[in-house]
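User: Please take one part of this model and go through it closely, from strand pairing to the bound ligands. A connected account is preferred to a list.

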Amino acid sequence: MSFFAVENLSRAFGGLQAVSDVSFAVREHSIHAVIGPNGAGKTTLFNLIAGSLAPDSGAIRLNGDPLQSLPPYKIARKGIARTFQNVKLFRHMSVLENVMLGRHVRSRAGFGAALLNLPHTWREERSIRQRSLEILDTLGIADLADADAVSLAFGKQRIVEFARALATEPTLLLLDEPAAGLNMHETDEIARLIADIRARGITVLIIEHDMSLIMDISDHIAVLSSGKKIAEGTPAEIQRNRDVIAVYLGED
Amino acid sequence: MNIRQYIPAGILVAVVVAFQLAVVLTGQDYLLTQLTMSAYYALVIIGLSVLMGYAGQISIGHAAFFAIGGYTAAVLTTGAFRLSPWLSLAVAVAITVVIAFLIGIPILKLKGHYLAMATLSFGVIVYRIVLGTGVFGEADGISDVPGFTLLPGLTVTGGAASRVENYYIAWFLVTLAIILLINLINSRVGRALRSIHGSEEAANAMGVNTAGYKLAIFVLSAVFAAVGGVFLTHYTGGIGPSEAGVMKSVRYVAIVAVGGMANIWGALVMGIVLNYLSLRGYFGTYDDIFFGAILIIIMLFYPDGILQRKTLDDLRSLARSLVARIRGRR
Ligand SMILES: Nc1ncnc2c1ncn2[C@@H]1O[C@H](COP(=O)(O)OP(=O)(O)OP(=O)(O)O)[C@@H](O)[C@H]1O
Ligand SMILES: [Mg+2]
C-alpha cells in the first residue's frame, strides 16, 4: 500500500474535463512533482486532494484511508497542508497570527473553554505562540512577526504561507507553484526550504513551472496535459519523454 | 494567564462605579434608568460586534433574538403561566439556541448581501409574528411583566427605589459578557473566527471547521441578544413589537459599524452613547432616520467601521511616544 495515491480521479466543469482519469502514487518522504502546461488541471487536482472540490469519480487515499468524501478541514486534520497558487493569507491578521492559525489542527481548546479561559486554554495558547515564533525563526522571518501579513512583499507572503502550512506539522504538503512571481534569489531560497522540509520527513507534492527547480529537487514527476496524465517518471526519464517534449514544444 | 487583557474591563468597572457616584452626588439619579436600559441593548451590540467584526458575518435580524428573549419572558411570567423568571429565562435561552441553530444552518452558507437579505427576512418574519399573534399582545405587546428576583432583596424591576441596584445588575451582566468575549477573542477559537473573515477558503484548508464556528458564534450572539431582551422586559415591565422591528436591527448594525466592527469596546461605547441619547429623546422623531443614515454613510465611506483597532493602535502608540518624550525630558 502506498503512502498517498490518487486513483482514476476525474472532475469536469460543465463540458470541460479538467481532470480526467488521473492515477499516481506518492512514496513517503519523497518530493513528487506535477507539471504540465497552463490549464492542464494541476490546481484542480490539488483542489480535489484538499477537498475544496469534490471529484466526479475516483479515489484519493492517505495510508489507504479514502479522503474523497471528506470536507477540507477534516482532510487538513489528517495531516495534509497546502499553499495556494495565488497566496491566501488571512487579512486583518499579523504574520504571527497567520502562523498561529496553522497550529489550529494541533490544539484543541473548544468554544466553552475559550469563553472561560480555563487554565489549560491559556497554557495551550502560550505554547501555540512559542511554537509559531520558533517556526518564524527557522524560516528567518522572526522580524516580521507583528507585520500585517497581506501588506508584505509577495515573496515574503509566500514564506509566511509556507510557515503557516509547516505549523500544522503535515505529513503531506501540497505546494502550488511556490516559485511563481519570485526572483532568482528567492527561488533558490524556496528550493532550499523544500529540500529542508523533506529532510524533516515531510512528503512534498509540488506543482511548478520552473523546470530547472523541478528537475533539481524532484524524485518523481507526473505530467498532465488537458486533464490527462501523459507521462510519469524520474526527472531524467521525463526529460527524454517524446510526448512531454511535444506538449511543451507545442505550447511555446 | 495574560492579566493585561483584562485591564480595559477593570477600567470599565471603575467608570461604571464613578458614574453612579457622580450621578447620585449631583442628585440626578434619574439618568441611571436610561443607562440601565442602554446596558441591556449593549448586550446585543457586543455580541453582534464579534459576529460581524471578527467572524465577518452580518446579521440584520438580531432584534428578532432580543424580542424572542423578551417575549418568552413576558408570556411565561404573566397571564396563564406565571412561571418563575429563572425558569422563563432558561426557556428563553433554550428557544433562542434552537431557533438560531435552525436558522443559522441554512443561512450562514450565504455570503455578503445574500446573508444580509436572509437575516433581514428572518427579522421581518419574527416581527410580523409578534405583531399578528394574540398571545404576544399584537400591536399592544405585553405589559405588567413582574420583576425578576435574582437574589432575596435584589430584583430586576423599574421604579425609583431600585434604580441604583438595577444599574449595577445591568452593568454586572455587561461586564461579565465583555470578559467572556475578551477570553474568546484572545483564544484559538477567536483566531479561527478571524481567519474566516480573512480567507474562508484558507481557513478551511488549515483545518478550521468554518461552518461550525460561524454557527457557534451566531448562536452565542443570539443568546446575548435574548438575555438582554429578557432583562430589559423585566426592568421596564413589558415589551412591544417595536423591539422586534427591522429598524432596531438596523440600529444595532449601525452601532457596531460606528464602533469599528472588530472592536467590542468601540461597539460598547457607541452602543451606550447612542442608545442613551436615543432613549433621552435627543433624536426626536428622527430616531430611525438617524440610525439608517449613519449606516448608509459608514457603508459608503468607512466600510471597515470608524473606530477601527488600527486607529486605536495608532492613538495608543502616539500616546506612548508622547509619554516617552515627556519622561526623556526630565
Ligand atoms: N472552478 C472552476 N470552474 C470552471 N472551470 C474551472 C474551474 N477551475 C478550473 N477551471 C478550468 O479547468 C481547467 C484547468 O484549470 P487548472 O487551474 O486546474 O489548471 P492549471 O494546470 O493549474 O493551470 P495553471 O498552470 O495556469 O495554474 C482550466 O481550463 C480552467 O479554466
Ligand atoms: Mg494552477
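Analyst: In β2(A), A:Q17 is the bridge partner of A:A12. Helices (H or I, at least four residues) and strands (E, at least two residues) are DSSP runs, numbered from the N terminus, and two strands pair if DSSP finds at least two bridges between them. The model is a predicted one, in which local features need pLDDT of at least 70 and side-chain atom pairs count only at pLDDT 80 or more, while totals for chains, interfaces and linings use all residues; side-chain values rest on heavy atoms, with hydrogens and water left out. Residues are numbered from 1 along each chain as its sequence is written, with chains lettered from A and ligands numbered from 1 in the order in which they are written.

The A:A12 bridge belongs to an antiparallel pairing in which seven bridges join β1(A) to β2(A). These two strands form a hairpin with two residues between them, and A:G14, in the turn, has a positive phi of about 60°. β1(A) also pairs with β4(A), residues 57-62, in the antiparallel sense over five bridges. One of the partners there is A:R61, which in β4(A) is the bridge partner of A:A5.

Taken together, the pairings give an open sheet of four strands in chain A, ordered β2-β1-β4-β5 and antiparallel. β2 and β5 (65-66) of chain A stand at its edges with a single partner strand each, so each has one side without a neighbour in the sheet. Strands of a sheet pair through backbone hydrogen bonds. As for burial, seven of the ten residues of β1(A), residues 4-13, are buried, so this strand is largely enclosed by the rest of the structure. Here buried means under 20% relative accessible area, exposed means over 50%, and partly exposed lies in between, using a 1.4 Å probe and protein chains only.

After β2(A) comes a loop that leads to β3 (31-35) of chain A, and A:H29 lies in it. Phi of A:H29 is near 65°, a positive value in a residue other than glycine. A:H29 counts as partly exposed, at 41% relative accessibility.

Edge strand β2(A) leads on to the ligand site. β2 (16-26) and α1 (42-50) of chain A each supply at least two residues of the shell around ligand 1, and α1(A) gives the most, with three residues. In total 13 residues surround ligand 1, where a residue counts as near if one of its heavy atoms lies within 4 Å. The closest are A:G39, A:K42, A:T43, A:T44 and A:Q85. By type the shell divides into four nonpolar, seven polar and two charged residues. In this division Ala, Val, Leu, Ile, Met, Phe, Trp, Tyr, Cys and Pro count as nonpolar, Asp, Glu, Lys and Arg as charged, and the others, Gly among them, as polar.

Three side chains place an N or O atom at polar-contact distance from ligand 1. A polar contact is a pair of N or O atoms within 3.5 Å; within protein, one must be able to donate a hydrogen and the other to accept it, and residues adjacent in sequence count only if both atoms are side-chain atoms. An oxygen atom of ligand 1 lies 2.7 Å from such an atom in the side chain of A:T43. For the side chain of A:Q85 the distance from a ligand oxygen is 2.8 Å, and for that of A:H209 it is 2.9 Å. Ligand 1 taken alone exposes 630 Å², of which the protein buries 61%. These accessible areas come from the Shrake-Rupley method with a 1.4 Å probe; for residues, only the protein chains shown count as cover.

A:T43 and A:Q85 also serve the magnesium ion, ligand 2: the protein donors are A:T43 (OG1) and A:Q85 (OE1), lying 1.9 to 2.1 Å from the ion. A:T43 lies in helix α1(A) and A:Q85 in the loop between β6 (80-82) and α3 (95-102) of chain A, so the pair ties together parts that are 42 residues apart in sequence. Donors are N, O and S atoms within 2.8 Å of the metal (3.2 Å for Na, K and Ca), and water is not among the atoms, so sites may look incomplete. Both donor residues fall in the middle accessibility class: A:T43 is partly exposed at 26% relative accessible area, and A:Q85 is partly exposed at 33%.
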